[in-house]
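Me: I would like a close look at one part of this model, with its surroundings described in some detail. Please keep the account plain.

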Amino acid sequence: MLSLLLLIIAANGQTPKCRILALAGGSDHGAYQAGGIIGLINSLPQGEAEWDVITGIGIGALNGMMVSQSSKGSESVLASNLLDFWKTFNTDLFYNHWPGWLVQGLLFESGLYNTKPMEKFISSTLKQDFKRILGVGATDLITGGYMYFNSTTLPLDIMAVGILASAADQGDFPIVPYKNYKLISGAIKYTVDLLRGITTCVNMGFDPEDIIVDTVLAACKAIDNEDPKKFNAVQNIRRSLEIMASDEQLSAVEMAKSTNPNVNFRTVIYPTRKFKTSFNPYDVSKRERKEMLEIGQEDAKKAVSKIVG
């Protein structure tokens, strides 16, 4: 099928391209990431947002799942669906409390919250075969290894397990069992998985020069100065995680660029403003989600303007 497609494109005088959308982890910033995807769809030239391969970690696995269920060429519908989803989102869609509330989660479960709702959401979204290749990453707590779930080789039900595991933020959400593995968020190993997306395109027969990568991160590139003199323990942890997330995501991008100099890393979208963090995962207000969606679109538009002119 791929060989036939390449022949048809070549006959029309076009150079075939493999387009990748790489989505980072960053739970509370899922709406921002969706805004970045929407902004790319609305700002890139026609056809340039028709991604072939999606890689996702954490919330990127969930947003990536929604992207992968849309057909190439229907990106405007995808943008509308993502916008509606995050505008109306509430935490009950992803998790709820255990019968014994936080005490049960803290003392008797492997996560503070019950993610049965997320499991149902994933199953209900994966109603049909993938329209684009999706790859998501999870971490095995037994070996410390990284497990990559690829839709080209795995059925829908196993991909559903991988997506749930990738989004299983450590501590907040329960461990996901799969075969002999005990899986949690892939963000422990990779905050964004660029390399496996590139490998997928290479395995499809594309040269590095014909691979285009759009990346949507979830952490700010620059960390604002803060005076920690009056920090309590929670603020100390929050600040430390903020610094770690920014450094890890940017380092992943730079490493991918250095090891793949001929690949076109077209855009890297990251929050240009700092967002509030919440005690409960994904628990941001409707106003805050609206702001994230808008800023994500603005940041994507600015990134595209630098390459389009």
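Reply: What follows takes one strand and the helices around it, then a loop elsewhere in the chain. The model is predicted.

Start with strand S8, which covers residues 264–269 and includes Arg-266. Ile-269 belongs to S8 as well. With a relative accessible area of 11%, Arg-266 falls under the 20% cut-off and is therefore buried. The side chain of Arg-266 makes a polar contact of 2.6 Å with the side chain of Glu-48. Beyond its neighbours within four places in sequence, Arg-266 is in contact with Leu-44, Glu-48, Trp-51, Ile-212, Val-213, Asp-214 and Ile-307.

Ile-269 is also buried, at a relative accessible area of 1%. Its C-alpha atom lies 5.9 Å from that of Leu-217, although 52 residues separate the two in sequence. Residues up to four places away in sequence aside, Ile-269 touches Tyr-32, Gly-36, Leu-40, Thr-215, Val-216, Leu-217, Gly-296, Asp-299, Ala-300 and Ala-303.

Some of these partners lead to a pair of helices, H2 (residues 30–43) and H10 (residues 286–308). The axes of H2 and H10 are 7 Å apart and meet at an angle of about 40 degrees. That angle lies between the 35 degrees below which helices count as roughly parallel and the 65 degrees at which roughly perpendicular begins, so H2 and H10 are oblique to each other. The crossing is right-handed. On the H2 side the contact is made by Ala-31, Tyr-32, Ala-34, Gly-35, Gly-36, Ile-38, Gly-39, Leu-40, Asn-42 and Ser-43. On the H10 side the residues include Arg-289, Met-292, Gly-296, Asp-299, Ala-300 and Val-304.

H2 also packs against helix H4 (residues 75–88), with the axes 9 Å apart and an angle of about 160 degrees. An angle over 145 degrees counts as roughly antiparallel, and H2 and H4 are therefore described that way. The H2–H4 crossing is left-handed. Here Gly-30, Ala-31, Ala-34, Ile-37, Ile-38 and Ile-41 of H2 meet residues of H4, among them Leu-78, Ala-79, Leu-82, Leu-83 and Trp-86.

S8 has a further role in the picture, as part of the cover over helix H8. H8 spans residues 195–203, and its buried residues are Gly-197, Ile-198, Thr-200 and Cys-201. These cover an arc of only 155 degrees around the axis, so they sit on the same side of H8. Their cover includes S8 together with strands S1 (18–23), S2 (53–56), S3 (133–140), S4 (146–150) and S7 (211–216). Just after H8, Gly-205 has a positive phi of about 105 degrees.

The last site is Tyr-113, in the loop between helix H5 (101–107) and helix H6 (116–125). Tyr-113 is buried, with a relative accessible area of 1%. A polar contact of 2.5 Å links its side chain to that of Asn-280. Trp-98 is 15 residues away along the chain, and its C-alpha atom is 6.3 Å from that of Tyr-113. Setting aside neighbours within four places in sequence, the contacts of Tyr-113 include Tyr-95, Asn-96, His-97, Trp-98 and Leu-102. Asp-172, Phe-173 and Pro-174 are also among them, as are Phe-279, Asn-280 and Pro-281.

Technical notes:
Residues are numbered from 1 along each chain as its sequence is written. This is a predicted model: local features need pLDDT of at least 70, side-chain atom pairs count only at pLDDT 80 or more; totals for chains, interfaces and linings use all residues. Side-chain values use heavy atoms; hydrogens and water are left out. Helices (H or I, at least four residues) and strands (E, at least two) are DSSP runs, numbered from the N terminus. Buried means under 20% relative accessible area, exposed over 50%, partly exposed in between (1.4 Å probe, protein chains only). A polar contact is a pair of N or O atoms within 3.5 Å; within protein, one must be able to donate a hydrogen and the other to accept it, and residues adjacent in sequence count only if both atoms are side-chain atoms. Contact means heavy atoms within 4.5 Å. The arc is that of the directions from the helix axis to the C-beta atoms. Axes are lines fitted to C-alpha atoms, for helices over the stretch in contact, and angles run from 0 to 180 degrees between N-to-C directions. Angles under 35 degrees count as roughly parallel, over 145 as roughly antiparallel, 65 to 115 as roughly perpendicular and the rest as oblique. A crossing is left-handed if the near helix is turned anticlockwise from the far one by less than a right angle, and right-handed if clockwise.
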